Amino acid sequence: MLSTELLVLLALARDGEQYGAGIIETVKEMTDGDRTIPLGTIHTTLYRLERDKGLISGRWGSDDEVKERARRRYFRLTALGAQSLASVRELFDLVGAR
């Protein structure tokens with residue numbers, strides 16, 4: 001089973017910069033609805049990937065992008081995140097080739 005962190009990285013690699021709810025929807029699409037990420041979990045995961053691991057970076061949306069009285073925070077892969085994801089993909093390719 002894929003970890004929540006890996007699913008978030010895959011979603012950002014597929015669709016580029018996104019906010020939390022958008023990532024949740026992308027993961028649902030990528031897994032044909034088999035995996036869902038609760039809203040509370042996505043924010044904890046995004047925080048960990050950005051602050052603790054440096055795999056993603058975030059920016060606050062503009063005032064024009066306010067939704068339900070809150071600005072969205074958008075995330076994208078960093079170079080380190082893209083490199084880490086590439087390493088994981090290589091590992092999966094090696095395991096799948098055996």
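Helices (H or I, at least four residues) and strands (E, at least two) are DSSP runs, numbered from the N terminus. The model is predicted: local features need pLDDT of at least 70, side-chain atom pairs count only at pLDDT 80 or more, and totals for chains, interfaces and linings use all residues. Residues are numbered from 1 along each chain as its sequence is written, and side-chain values use heavy atoms, with hydrogens and water left out.

**Exercise 1. Describe the fold of the protein chain and its overall dimensions.**

Solution.
- Step 1: The protein chain contains four helices and three strands.
- Step 2: Their order along the sequence is α-β-α-α-β-β-α.
- Step 3: The radius of gyration (taken over C-alpha atoms) is compared with the globule rule, 2.2 Å times the number of residues to the power 0.38. The protein chain has a radius of 14 Å, close to the 13 Å that the rule gives for 98 residues, so it is as compact as a globular protein of that length.
- Step 4: Along the principal axes, the C-alpha atoms fill a box of roughly 50 × 30 × 20 Å.

**Exercise 2. Find what Arg 48 pairs with, and state which parts of the chain the pair ties together.**

Solution.
- Step 1: A salt bridge is a side-chain nitrogen of Lys or Arg within 4 Å of a carboxyl oxygen of Asp or Glu. The structure holds seven of these.
- Step 2: Arg 48 forms one with Glu 5, at 2.5 Å from N to O.
- Step 3: Arg 48 belongs to helix H3 (residues 39-52) and Glu 5 to helix H1 (residues 4-15), so the pair ties together parts that are 43 residues apart in sequence.
- Step 4: Buried means under 20% relative accessible area, exposed over 50%, and partly exposed in between (1.4 Å probe, protein chains only). Glu 5 is buried at 16%, while Arg 48 is partly exposed at 29%.
- Step 5: Glu 5, Arg 48 and Lys 53 are linked in a network of salt bridges.

**Exercise 3. Work through the salt bridge of Arg 59 in the same way.**

Solution.
- Step 1: The partner of Arg 59 is Glu 17, with the closest N and O atoms 3.0 Å apart.
- Step 2: The pair links distant parts of the chain, 42 residues apart: Arg 59 is in strand S2 (residues 56-60), and Glu 17 is in the loop between H1 and strand S1 (18-19).
- Step 3: Arg 59 is partly exposed at 35% relative accessibility, and Glu 17 is partly exposed at 37%.
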